[in-house]
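User: I would like to go through this protein step by step, from its overall make-up down to single residues. Please reason briefly before you give each value or name.

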Amino acid sequence: MKTKRRRRQQPDPPQGQKLSVPQKAAKMLEVPLSAFGGIPSLELTGNREMTVEGCKGVLEYDEDVVKLNLGKMILQVRGRDLNIKGLTDDSAVLEGYFLSIEFLT
């Protein structure tokens, strides 16, 4: 017996807020919003490695904290023995022992 896979729907915006064009298209096509680009995405491997797509630069870099510019927000990662393993024009790979991940505006 085949089971039907349910696609994850995009969350509705808060009351009184309209959907942007990319949000409307993602909802209509039932694809993740990140497929339209311009939206940062994180990929975690446990709490030891993180790939950040959409990184526009490094704002702070220390063994205890890393702050990355994601355009409209800042990603702050706190932990121990943090290291930037790789950095390109639009992505960063962090490694270490992650204790917290915050999005700052």
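User: What percentage of the 105 residues in the protein is buried?

Analyst: The model is a predicted one, and a residue counts as buried when its relative accessible area is under 20%. Over the 105 residues of the protein, the buried share comes to 20%.

User: How many helices and strands does the protein have, and in what order do the elements run from the N terminus?

Analyst: The secondary structure consists of one helix and six strands. Read from the N terminus on, the order of these elements is α-β-β-β-β-β-β.

User: In what order do the six strands lie in the sheet, and which are the edge strands?

Analyst: The six strands form an open sheet with antiparallel pairing, in the order β1-β2-β6-β5-β4-β3. Neighbouring strands of this sheet are turned by 40 degrees against each other on average, with direction ignored. Two strands pair on one side only, which makes the edge strands β1 (41–45) and β3 (57–61).

User: Which residue of β4 is the bridge partner of Y61?

Analyst: β3 pairs with strand β4, residues 65–69, in the antiparallel sense, and this pairing extends over four bridges. For Y61, the bridge partner in β4 is V66.

User: Which element gives the most residues to the largest nonpolar core?

Analyst: The largest nonpolar core has 13 residues, and those with the most contacts inside it are M50, V52, L68, L75, V77 and L94. Two or more residues each come from β2 (49–53), β4, β5 and β6 (91–104). With four residues, the element that gives the most to this core is β5.

User: Which residues does M50 touch, leaving out those up to four places away in sequence?

Analyst: M50 is one of the residues with the most contacts inside the largest nonpolar core. With residues up to four places away in sequence not counted, M50 touches L42, E43, L44, L75, V77, A92, V93, L94, F98 and I101.

User: Is Q76 buried or exposed, and what is its relative accessible area?

Analyst: Q76 is found in strand β5, which covers residues 74–87. Leaving aside residues up to four places away in sequence, Q76 touches V65, V66, K67, S100, I101, E102 and L104. Because buried means under 20% relative accessible area, Q76 is classed as buried, its value being 6%.

User: What share of the accessible surface belongs to carbon and sulfur atoms?

Analyst: The accessible surface of the protein comes to about 8100 Å². Of this surface, the share that belongs to carbon and sulfur atoms is 50%.

Technical notes:
Residues numbered from 1 in each chain as written. Predicted model: local features only at pLDDT ≥ 70, side-chain atom pairs only at ≥ 80, totals over all residues. Heavy atoms only, no water. Buried < 20%, exposed > 50% of the residue type's maximum accessible area, 1.4 Å probe, protein only. Areas by Shrake-Rupley, 256 points an atom, 1.4 Å probe, with all protein chains shown as cover. Contact = heavy atoms within 4.5 Å. Pairing = 2+ DSSP bridges. Axes fitted to C-alpha atoms, helices over the stretch in contact; angles between N-to-C directions. Core = buried A, V, L, I, M, F, W, Y, C linked by side-chain atoms within 4.5 Å.
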